[in-house]
Amino acid sequence: MTAADIVRNYVDVVWNQGDLSRVRELLADPSYRHDTDIGVTQSLSVFTLEDQFERLKHAQQHAGRIHFEIIKLLEQGDYVTMIYDLTYQPKDSQEAQSMKDKGYYFNDAGEMQSKGIEVFRLKDNKIVETWITQGPWIPGHWGETKTDELSSSEQHSNSPREVIREYVTRMWNKADASAIEDYLAPLCWRHDAGEPDRQFMQFDHAFQRQRAHEGYENGKFNFQPILLLESGEYVTFVWNLNFMLSKEELIEGMRQRGAELDEDGAVLMKGMEVFHVVDGKVVEVWVGQCWDFKGHWGASQTVDDAPLPFEVKW
C-alpha cells in the first residue's frame, strides 16, 4: 500500500466504519499529534496504542455517526496531507448541547459540521506523527473545489514549492506587495476556516493588494516553515508566525483574546495552508488558520530535516 492508501484506510475503515481491528496495523506505538485544539504553545500529545483505542472508543460511545469526507489526499514521500469535511451526529441531546456550549457549529439537521487539514507522517508503513487544524473555530464545510480541471501547460524554472517559498517571503516577511502579480493568479479562490456561510471566496489582485497593505499597517510578519511539502501542483505549508503588532490597541486586543506573546511583544500563532499552483501562480488555497490557534507548533518528534528558514525583513 502507498502512504495515501494507509491514511485512506485509517480514515475510512477506522473512523467512518468504526473498525478498531485495523488500529495496530495502521498506527505506530507511540505516535505524536501536534494539535491546534489545545490552544497552547507547542501543543503536543503522545499516544500509545492503548491511548488510541481509548480515544476511538470514546468517540464511538458519544457519536451516533462520524463521517470524514476526504476533499484532497496529497502524497508527498513519507507525508500525506488530507483536506477534509467532518460530519458528527451526537447520540443524545445532552452531548449535542455540551458541544454547542463549547462553540461547535450545528446545521439545521442537528449535525455538527467542521472542516480541517491534517498532515500525516508515516514510518515503516504506519502513521507515526500528525499535525492537525481542527476544533470549534473551524465551522461548516470547505465547499466545492474550484480548480481541479486546471493544470500547468509549461515547465517553470521554479517548482510549486519554490513558488510558495518566494511568495510568502516576499509578500509577508518582506512586505513586498509586488509578489501578488508574480505569484497569484488574476483571480484566486480561497477556502477559509472562518464563518460556516463563507465557504470560499474569489480574490482579484486589487483585493489582495488592499489586504496586504492593511496587514502591513498593523505590523510586521515573520512566517517560518515547519513543513513545506510538494505533491505535484499542490504545496502544503505548515507554519509558525511571529506577528509584531505596530499599534498598542491591537496588542491589548490580542491580550484580551488570550493570545500568546513572546518577550519582544510579537503575537505567536500557527496554522497550515494547501496551495494549488498552476503555471507558476497560486489559483486556489485552503487556509487552516484562525486567531484562536495560539502559540507555535513544536518541532517534529520523528525527523530532524526541517525546511530552511524563510528570509525576513526585520
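Is Glu248 buried or exposed? Glu248 counts as exposed, at 52% relative accessibility. The close-ups below start from this residue and move through a predicted model.

**View 1. Arg255 and Glu248 form a salt bridge.** The closest N and O atoms of this pair are 3.9 Å apart. While Glu248 is exposed, its partner Arg255 counts as partly exposed, at 45% relative accessibility.

**View 2. Lys72 and Asp148 pair up in a salt bridge.** Here the closest N and O atoms are 2.5 Å apart. Lys72 belongs to strand 3, whereas Asp148 sits in the loop between strand 6 and helix 5 (160-173), so the salt bridge ties together parts that are 76 residues apart in sequence. Take a look at the surroundings of each partner, too: Lys72 is buried, with 12% relative accessibility, and Asp148 is partly exposed, with a relative accessible area of 49%.

**View 3. Glu144 and Lys146 form another salt bridge.** Their closest N and O atoms lie 3.7 Å apart. Glu144 has a relative accessible area of 52% and is exposed; Lys146, at 21%, counts as partly exposed.

**View 4. A salt-bridge network links Arg170, Asp176 and Asp182.** To set these views in context, the whole structure holds 15 salt bridges. Side chains of opposite charge can pair when their charged atoms come close.

**View 5. Helix 1 and helix 3 are oblique to each other.** Their axes come within 11 Å and cross at roughly 55 degrees. On the helix 1 side, Tyr10, Val14 and Trp15 make the contact, and they meet Arg55, Leu56, Ala59 and Gln60 of helix 3. By type, the residues of this contact divide into five nonpolar, one polar and one charged.

**View 6. The largest nonpolar core has 35 residues.** Val7, Tyr10, Val23, Ile66, Leu122 and Ile127 touch the most other members. Elements that give two or more residues to this core include helix 2 (23-26), strand 4 (79-90), helix 4 (93-101) and strand 5 (112-123). Helix 1 supplies the largest share, eight residues. In soluble globular proteins, nonpolar side chains tend to be buried together.

**View 7. Leu122 and the residues it touches.** Leaving aside residues up to four places away in sequence, Leu122 touches Ala3, Ile6, Val7, Asp78, Val80, Ile127 and Val128.

**View 8. A second, separate core contains 34 residues.** Among them you will find Val163, Val168, Cys188 and Phe223.

Notes. Residues numbered from 1 in each chain as written. Predicted model: local features only at pLDDT ≥ 70, side-chain atom pairs only at ≥ 80, totals over all residues. Heavy atoms only, no water. Core = buried A, V, L, I, M, F, W, Y, C linked by side-chain atoms within 4.5 Å. Buried < 20%, exposed > 50% of the residue type's maximum accessible area, 1.4 Å probe, protein only. Helix = DSSP H or I, 4+ residues; strand = E, 2+ residues; numbered from the N terminus. Contact = heavy atoms within 4.5 Å. Axes fitted to C-alpha atoms, helices over the stretch in contact; angles between N-to-C directions. Parallel < 35°, antiparallel > 145°, perpendicular 65-115°, else oblique. Nonpolar A, V, L, I, M, F, W, Y, C, P; charged D, E, K, R; others polar. Salt bridge = Lys/Arg side-chain N within 4 Å of Asp/Glu carboxyl O.
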